[in-house]
Amino acid sequence: MTEQTGTVLVVDDEPQIVRALRINLTARGYKVVTAHDGAAALRAVADTKPDVVVLDLGLPDIDGTDVITGLRGWTTVPIIVLSARGESPDKVKALDLGADDYVTKPFGMDELLARLRAAMRRSAVPPAEGEALIETESFTLDLLAKKVHRDGVEVHLTKTEWGVLELLVRNRGRLVAQKQLLREVWGPGYENESHYLRVYLAQLRRKLEREPSRPRHLITEPGMGYRFEA
């Protein structure tokens with residue numbers, strides 16, 4: 001009997017651990033994707049959009065903490081570190097960088113599965129009402145209803161326009177790099193298509209900003225990316 005479904009990315013270069021996790025997770029209804037180094041892990045998250053990442057820190061190419069940093073630049077996917085590094089500084093560093101949980105090897109499978117279920121439950125919780133409703137002097141955006149109103153009238157956004165706007169709003173106040181936006185909204189393989197962003201940001205500004213030529217909310221950081229300011 002399966003417990004839960006979802007996609008789990010297992011990032012580890014130890015074949016026996018990967019095999020054990022694949023068997024146990026598959027038996028419980030999860031789809032399992034694997035990566036054996038950090039570069040492959042970053043590609044796999046962009047390609048497969050997993051529901052949770054189980055990440056070893058001791059990878060053969062780059063350190064797992066660099067993988068956490070790379071992922072947190074553009075995604076909030078839950079990350080559970082699974083590492084032989086049991087010292088407190090290692091745990092603190094990983095959690096400070098954005099990991100959601102930390103399990104030390106050797107580990108109990110039941111405990112890991114429980115932590116995985118908990119991480120997925122937390123990530124599935126919708127934004128609180130105060131976080132879901134974004135109001136500016138120009139427009140109001142409801143993340144739960146996926147609707148935007150300007151002067152009391154609903155503004156029609158295409159699926160792609162909404163994807164760009166939602167990603168910026170969920171990272172409000174922070175720079176979102178061009179490549180991160182392209183990868184998250186359009187997918188892998190579009191990271192150099194920066195003209196897409198110029199076109200879609202111009203469309204969004206025309207629909208939402210009081211003065212599209214002097215935007216107050218959809219800000220361009222030349223050569224770097226975009227930022228939403230409420």
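No salt bridges turn up across the interface of domain 1 and domain 2, a salt bridge being a side-chain nitrogen of Lys or Arg within 4 Å of a carboxyl oxygen of Asp or Glu. The model is predicted, so local features need pLDDT of at least 70 and side-chain atom pairs count only at pLDDT 80 or more, while totals for chains, interfaces and linings use all residues. Residues are numbered from 1 along each chain as its sequence is written, and side-chain values use heavy atoms, with hydrogens and water left out.

The two domains cover residues 7-120 (domain 1) and 133-228 (domain 2), with bounds from an automatic or database domain assignment. Their centres, taken over C-alpha atoms, lie 30 Å apart. Five residues from domain 1 and five residues from domain 2 make the contact, meaning heavy atoms within 4.5 Å. Together the domains bury about 550 Å², with 51% of that on carbon and sulfur atoms; buried area is the accessible area (1.4 Å probe) that two parts lose on being put together, summed over both. Residue pairs in polar contact between the domains also come to zero, counting pairs with both residues at pLDDT 80 or more. Here a polar contact is a pair of N or O atoms within 3.5 Å; within protein, one must be able to donate a hydrogen and the other to accept it, and residues adjacent in sequence count only if both atoms are side-chain atoms.

As for domain 1, UniProt (unreviewed entry) labels residues 7-120 "domain: Response regulatory", an annotation that may be inferred rather than shown by experiment. That stretch is 48% helix and 21% strand, and its end C-alpha atoms sit 10 Å apart. Helices (H or I, at least four residues) and strands (E, at least two) are DSSP runs, numbered from the N terminus.

Elsewhere, the salt-bridge rule gives a count of 16. One example is Glu 161 with Lys 207, at 2.7 Å from N to O. This pair ties helix 7 (residues 159-170), home of Glu 161, to helix 9 (residues 194-208), home of Lys 207, across 46 residues of chain.

Two backbone details round things off. Lys 105 and Pro 106 are joined by a cis peptide bond, with omega about -5°, and Pro 106 falls in the loop between strand 5 (101-104) and helix 5 (109-124). Lys 146, a residue other than glycine, has a positive phi near 55° and belongs to the loop between strand 7 (140-142) and strand 8 (147-150).
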